[in-house]
Number of protein chains: 4
Amino acid sequence: MAEEPTRATAPQSIAQPEGTFRRVGVVAKTASREALRTAAELAEWLVRRGLEVSLDESTLRARGDLTAAPLRSDSDVDLVVVLGGDGTLLSVARSLERPVPILGVNLGTLGFLTEVGRGELYPSLVRVLAGRYRLEQRSLLRVALHRGGGQTQEWHVLNDAVIAKSALARIISLTLTVDDHLVGHFRADGLIISTPTGSTAYNLSAGGPILTPDLPVAVVTPICPHTLSLRPLVVPDTSSIEIVLETDREEVYLTLDGQEGSSVGFRNRIQIGRSDLSVQLVKTSGRSFFDGLRSKLRWGG
Amino acid sequence: MAEEPTRATAPQSIAQPEGTFRRVGVVAKTASREALRTAAELAEWLVRRGLEVSLDESTLRARGDLTAAPLRSDSDVDLVVVLGGDGTLLSVARSLERPVPILGVNLGTLGFLTEVGRGELYPSLVRVLAGRYRLEQRSLLRVALHRGGGQTQEWHVLNDAVIAKSALARIISLTLTVDDHLVGHFRADGLIISTPTGSTAYNLSAGGPILTPDLPVAVVTPICPHTLSLRPLVVPDTSSIEIVLETDREEVYLTLDGQEGSSVGFRNRIQIGRSDLSVQLVKTSGRSFFDGLRSKLRWGG
Amino acid sequence: MAEEPTRATAPQSIAQPEGTFRRVGVVAKTASREALRTAAELAEWLVRRGLEVSLDESTLRARGDLTAAPLRSDSDVDLVVVLGGDGTLLSVARSLERPVPILGVNLGTLGFLTEVGRGELYPSLVRVLAGRYRLEQRSLLRVALHRGGGQTQEWHVLNDAVIAKSALARIISLTLTVDDHLVGHFRADGLIISTPTGSTAYNLSAGGPILTPDLPVAVVTPICPHTLSLRPLVVPDTSSIEIVLETDREEVYLTLDGQEGSSVGFRNRIQIGRSDLSVQLVKTSGRSFFDGLRSKLRWGG
Amino acid sequence: MAEEPTRATAPQSIAQPEGTFRRVGVVAKTASREALRTAAELAEWLVRRGLEVSLDESTLRARGDLTAAPLRSDSDVDLVVVLGGDGTLLSVARSLERPVPILGVNLGTLGFLTEVGRGELYPSLVRVLAGRYRLEQRSLLRVALHRGGGQTQEWHVLNDAVIAKSALARIISLTLTVDDHLVGHFRADGLIISTPTGSTAYNLSAGGPILTPDLPVAVVTPICPHTLSLRPLVVPDTSSIEIVLETDREEVYLTLDGQEGSSVGFRNRIQIGRSDLSVQLVKTSGRSFFDGLRSKLRWGG
């Protein structure tokens, strides 16, 4: 394996991949020059190895000379390599229409979803193409916003859905039901409904628990609750979680994975439950979930 | 149903039970005169209805004239009625050797486990004996304390296992692993390992989340952690959770359901995972888990 | 005192006030019909007792026939009666240019600032006019927003100043210094800087401590901090607290007492310290600060 | 200043001290060989500089040949050098009968009270003896335990007084009053009453706020409260804080600075208020309180 790069440089030699992946999509973080450059370099590396490559539009636009097809949400790829951070991976995960394995490569500080650093990009890919990886299934939540009059919008989130008041609005009132059982009427800044994957994101900042990624649950965590006895609540993800906005005349938003948003009106109903979709994260290291936690949260050891 | 009492008085008439329960055990809260009196009254009520009754030793001692067998942990009863509070039910649950349905009757403030009030005792029992009830399965955790030299003690808990320093001891150091993966080395007053059932007990006071009772998980919640980034952790209950005490010369205890205790020594290892045993709570009302939460925690609505 | 009303009705008789207050301002909660009605009734009651009355503009507009002068921020009144809730009192407190005693009357649920209920309005006023009251001094914080280019806006708040991201924005970065000492660079949803008076408001929802109203301090409490070890910080109110927004391209707002807002730009500097102004709350009952807390937070006893 | 050691070695030359300190007490951490060795070395260094030295008993016993008097709580020293950690300094502070300046030297990880590292011992002392230092006043709390029958014990604490149940006890009930005003009846594991100095110790682990050391306040922080709306409470240190234990038959302890303990019985009353005593910490660096916080709590920057 002398030809394999161990640093952040593209290898000079070409080897035949032994794995099962034939068509690879590459997505670079929007507005990151380094991500675009790395994407172009990676595309060439993959093509030299005989793989078909699809590139996201920004990269294609920036490097028009690349031998690559445009990547679409329904593109027939076997593997997607994301170059960026957790945010880029979240947006790719939300857009995929079927469970394609995703390898997340972080160009900055390591994330919870993108555990491969820039320097490990090619060594990791060599392992992946050689079939030396495992797939970690991550479930998504389906979020539907019912506006009344039959208007419904729908998303699938890997981290969380957040219902929150705008900075200038006053505290809002929400009714929460789980499987048609009333949980309560609450006054708070908002509510986070998180997957186990998202439990280490916004949920953690708001005081929610950490969950191992494989659990079949959703966490409902209040943001700055006025009701002091309100605590994070863990329910089966097969539950139907419903939130109704009881406040009129205040600006309230639904945010998906912290990236997309939609305004929520008086009496609008948000319904959340397990999605049919899921995401398959490609893991090439022996690093456990707890290894990641320990280093990120500086737990001793 | 004119013969059914709707108040806290024993009915005068006798009716044939239509249910499947034939042998009923009755356990009264130790040291509660009211519980003993209610147990005696209940025993007579059951006998008049043609059921066989077993009574716990305290009640038998107090009312030696009762027509009842002594209740033992391996007694061949189909139903146990607990008269007392959540604490009494916890101790019965820990002592049972097979999953016998338990009806919890609360003689004081309603608990999370004992939802039937004193005034609903006989109406509830009539429903139960008529087969109008549902069983709610609650999983237990198996807790093993390995002292070294092959010495091991074992318990099965319905609420929680708590490793905590004594009031006079200084902060203690613990190593936590889950399925042999290191989670971290922590300094804290202690650690609570709770079932979903126990999540509304000590875990809640220590800042842990609330979990619906059916979830196949355990919660690990630190007590006053010195490591400020330490947060409650939810893991599958099929995991093997291990805690090793790394502190010498401080008094540390393992407490089971807040009722039994054992001293923990330097380098002792506590291993926790799903128990083979479970508890079946008898439910006669349409009250949901959330109804109980909402009224206890005074959530709006 | 047979002529004093003990219910929510205006008294029919007229008595001479024995107190020192001669000119009374009355402010009704905007958009509350009940407040406007009560204000008109109160104005008549005061006039009948020989007092001069000034009324806020809304009330004057709604009841043009009242014998009252318009109330201005510099009006020469000795006492202001606020009819509404804590919110109305906060806005009056922010607008006053000198420390006029304020009697807060709550027309809904009792607040922390408006402890007199609708039914106690006239009995309380009779006590006040008879000189049977005490003044509780509440300090304000001066908040200056420096936008660069010499643009500065200034407010005086009784509860709090909040720097927070909008619902759709991502987490923001802030630099906090106290008396030119760097406290830290933080990532959070925002920061609350609260007076002791405001400690029971938004600060409490965000996890901040409760402070007795007389303390010469300010509390800095993070909102959903990404930095998990970040905790509420109590500093002398004579300190100069400075916050600089380090995030570009996200919508961030400064909110004053939850009522007024201003947008905050990249590198804008917010400077907070003790105000020269203060508020004098008129207290007619023997109710302590802790009595209010205990009943609002349902602490036992 | 070539003769001054900049490392952890004793200087070879002798210089005349220019400062005002003439009689120095040295206290080494009990049971630390390194502390005893450093104390002996330091004693020689001080004697060579013409200062009178008093040594704590352990050091004297271990190094009988030293030219030093035994240090007593009423010894007539101008300065005490503590070699150990925050714990050693706390116990010295509690034992002093008048406000003698204390220089805390940490032989392990830097503490909040002992900011001088082993390597800065001699450079710091040279600055101190030359008069280049500032004194930071830290107030103490007076803690009196009234057992009934006129039995009273009294302590003066620099960090905190903790009332807490033993590990095997159940939750306890406490009544809290401040200046004879009832705050509430609470059920919790215990209560911490902390000085601003102690706010970064146990109080922080239990969820209490951080206070700058100069504030004239005390913080009352519940440990794992059963009453979920119970929050840390900041009151003037001139208040009389009283706690009465309402629980019978459970083991409860009062702990002073985490070092001394006393058992608390049913209906025993603990009274806490500002002490007449205070401690003067000797500061030789320009390091602010926030610099210490930031590095210990890993706040950015």
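Chain D and chain A meet through the same surface, because 100% of the interface residues of chain D are also interface residues in chain A. The model is a predicted one. Four residues of chain D and four residues of chain A make this contact. The contact of chain B with chain A takes 34 residues from each of the two chains. Within chain A, domain 1 and domain 2 also share an interface, which buries about 1100 Å².

**Chain D against chain A: symmetry**

- Chain D superposes on chain A by a rotation of 180°, with 0.0 Å of shift along the axis. The RMSD of this superposition is 0.0 Å.
- The two copies are therefore related as by a two-fold rotation axis.
- Ser229(D) has the C-alpha nearest the axis in chain D, at 2.9 Å from it.

**Chain D against chain A: interface**

- About 440 Å² is buried between chain D and chain A. Carbon and sulfur atoms give 59% of that area.
- Three residues, Leu228(D), Arg231(D) and Arg298(D), supply 86% of the area that chain D buries against chain A. No other three residues supply more.
- The interface of chain D and chain A has zero salt bridges. It also has zero residue pairs in polar contact, counting pairs with both residues at pLDDT 80 or more.
- On the side of chain D that touches chain A, one residue is nonpolar, one is polar and two are charged.

**Chain B against chain A**

- Chain B and chain A bury about 2800 Å² between them. Of this area, 67% is on carbon and sulfur atoms.
- Arg231(B), Phe290(B) and Trp299(B) give 21% of the area that chain B buries against chain A, more than any other three residues.
- Salt bridges between chain B and chain A number zero. Polar contacts link 14 residue pairs across this interface, with both residues at pLDDT 80 or more.
- Four elements of chain B give two or more residues to the side that touches chain A: strand 11 (181-188), strand 13 (210-211), strand 15 (233-236) and helix 6 (289-296).
- Strand 11 of chain B makes the largest share of that side, with six residues.
- By class, the side of chain B that touches chain A holds 20 nonpolar, 10 polar and four charged residues.

**Domains of chain A**

- Domain 1 of chain A spans 23-133 + 284-296, and domain 2 of chain A spans 140-277.
- Their C-alpha centres lie 30 Å apart.
- Domain 1 of chain A puts 13 residues into the contact, and domain 2 of chain A puts in 16 residues.
- Of the area buried between the two domains, 68% is on carbon and sulfur atoms.
- Leu90(A), Arg94(A) and Phe289(A) lose the most area on the domain 1 side, together 56% of what that side buries.

**Polar links and elements between the domains**

- Two salt bridges cross the interface of domain 1 and domain 2 of chain A.
- Glu260(A) and Arg94(A) meet through their side chains in a salt bridge, at 3.0 Å from N to O.
- Four residue pairs are in polar contact between the two domains, both residues at pLDDT 80 or more.
- On the side of domain 1 of chain A that touches domain 2, helix 3 (86-95) and helix 6 (289-296) are the elements that give two or more residues.
- Helix 3 of chain A gives the largest share of that side, six residues.
- The residues of that domain 1 side divide into nine nonpolar, two polar and two charged.

Conventions:
Residues are numbered from 1 along each chain as its sequence is written. Chains are lettered from A and ligands numbered from 1 in the order in which they are written. This is a predicted model: local features need pLDDT of at least 70, side-chain atom pairs count only at pLDDT 80 or more; totals for chains, interfaces and linings use all residues. Side-chain values use heavy atoms; hydrogens and water are left out. Contact means heavy atoms within 4.5 Å. Buried area is the accessible area (1.4 Å probe) that two parts lose on being put together, summed over both. A salt bridge is a side-chain nitrogen of Lys or Arg within 4 Å of a carboxyl oxygen of Asp or Glu. A polar contact is a pair of N or O atoms within 3.5 Å; within protein, one must be able to donate a hydrogen and the other to accept it, and residues adjacent in sequence count only if both atoms are side-chain atoms. Ala, Val, Leu, Ile, Met, Phe, Trp, Tyr, Cys and Pro count as nonpolar, Asp, Glu, Lys and Arg as charged, and the others, Gly among them, as polar. Domain bounds come from an automatic or database domain assignment. Copies are superposed by least squares on the C-alpha atoms of residues with pLDDT of at least 70 in both.
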